[in-house]
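This text walks through one protein chain, beginning in a loop and working outward from there. Keep the sequence and the 3D view at hand while reading.

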Amino acid sequence: MPRNGHARPKKIEETVLALFGAFEFEDDRAWKRFDFDVMQSQADQGWISDPRGRAESARLTPEGQARAKALADRLFGS
């Protein structure tokens with residue numbers, strides 16, 4: 001996938017919409033961020049830094065970064 005993030009934009013948009021559907025609550029609302037339990041699971045597996053705290057972002061571990069890029073290429077690459 002190109003570093004500019006523009007590969008297969010329709011598939012990425014559909015995936016984001018699917019995530020909204022997966023985490024919907026109150027019949028029509030969805031958080032704009034990822035579910036905390038999912039984030040904690042990713043941290044427990046060693047893919048990201050601990051998501052608790054005031055930071056707006058989580059840091060990918062080297063293993064997490066490699067896995068994330070491989071998944072992005074598989075799901076969204078050309």
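Start at Glu26, which lies in the loop between H1 and helix H2, the latter covering residues 36–44. The model is a predicted one, and the values below are computed from it. Glu26 has a phi near 50°, which is a positive value in a residue other than glycine. With a relative accessible area of 60%, Glu26 is exposed, because a residue counts as exposed over 50%.

Asp27 also has its place in the loop between H1 and H2. The phi of Asp27 is near 65°, again positive in a residue that is not glycine. Asp27 counts as exposed, at 73% relative accessibility.

Before going further into this loop, it helps to have the overall layout. The protein chain has three helices and zero strands. Read from the N terminus, its elements run α-α-α. Helix H1 spans 9–22, helix H2 spans 36–44 and helix H3 spans 62–76. Of the 78 residues in the protein chain, 14% are buried, where buried means under 20% relative accessible area.

Back at Glu26, the side chain has a partner. Side chains of opposite charge can pair when their charged atoms come close. Glu26 and Arg29 meet through their side chains in a salt bridge, with 3.8 Å from N to O; the cut-off for such a contact is 4 Å. Arg29 is partly exposed at 47% relative accessibility, whereas Glu26 is exposed.

How many salt bridges does the count come to? The total is three. Another of them joins Glu56 and Arg33, whose closest N and O atoms are 2.5 Å apart. Glu56 sits in the loop between H2 and helix H3, while Arg33 sits in the loop between H1 and H2, so this pair ties together parts that are 23 residues apart in sequence. Glu56 is exposed, with a relative accessible area of 63%, and Arg33 is exposed as well, at 61%. There is also a salt bridge between the side chains of Asp50 and Arg52, at 2.7 Å from N to O. Here Asp50 is partly exposed, with 39% relative accessible area, and Arg52 is exposed, with 57%.

The next contact is between rings. A search of the whole structure finds one aromatic pair. Its members are Phe25 and Trp31, with ring centres 4.9 Å apart and an angle of 25° between the planes. The pair counts as stacked, because planes under 30 degrees apart are classed that way. Phe25 is partly exposed, having a relative accessible area of 23%. Trp31, at 58% relative accessibility, counts as exposed.

Another aromatic residue, Phe34, is placed in the loop between H1 and H2. Phe34 is exposed, with a relative accessible area of 57%. Which residues join Phe34 in a nonpolar surface patch? Leu19, Phe23 and Val38 do, and the patch they make with Phe34 has an area of about 340 Å².

Ala22 offers a way to relate the end of H1 to a later part of the chain. Ala22 lies in helix H1, which runs over 9–22. At 57% relative accessibility, Ala22 counts as exposed. The C-alpha atoms of Ala22 and Asp35 are separated by 9.9 Å, and the two residues are 13 residues apart along the chain.

The last stop is a charged area of the surface. Arg8, Lys11, Arg67 and Arg74 form a positive surface patch. Among these, Arg8 lies in the segment before helix H1. Arg8 has 39% relative accessibility and therefore counts as partly exposed. That value fits the rule for patches, since their residues must have over 30% relative accessible area and no salt bridge.

To retrace the route: the loop between H1 and H2 holds Glu26, Asp27 and Phe34. Arg33, in that loop, is linked by its salt bridge to Glu56 in the loop between H2 and H3. The nonpolar patch includes Phe34, and the positive patch includes Arg8.

How values were computed:
Residues numbered from 1 in each chain as written. Predicted model: local features only at pLDDT ≥ 70, side-chain atom pairs only at ≥ 80, totals over all residues. Heavy atoms only, no water. Patch = residues over 30% accessible without salt bridge, like charges linked within 9 Å, V, L, I, M, F, W, Y side chains within 5 Å. Areas by Shrake-Rupley, 256 points an atom, 1.4 Å probe, with all protein chains shown as cover. Lys, Arg positive; Asp, Glu negative; His and termini not counted. Charge placed at Lys NZ, Arg CZ, Asp CG, Glu CD. Helix = DSSP H or I, 4+ residues; strand = E, 2+ residues; numbered from the N terminus. Buried < 20%, exposed > 50% of the residue type's maximum accessible area, 1.4 Å probe, protein only. Phe/Tyr/Trp six-rings, centres within 6.5 Å; stacked < 30°, edge-to-face > 60°.
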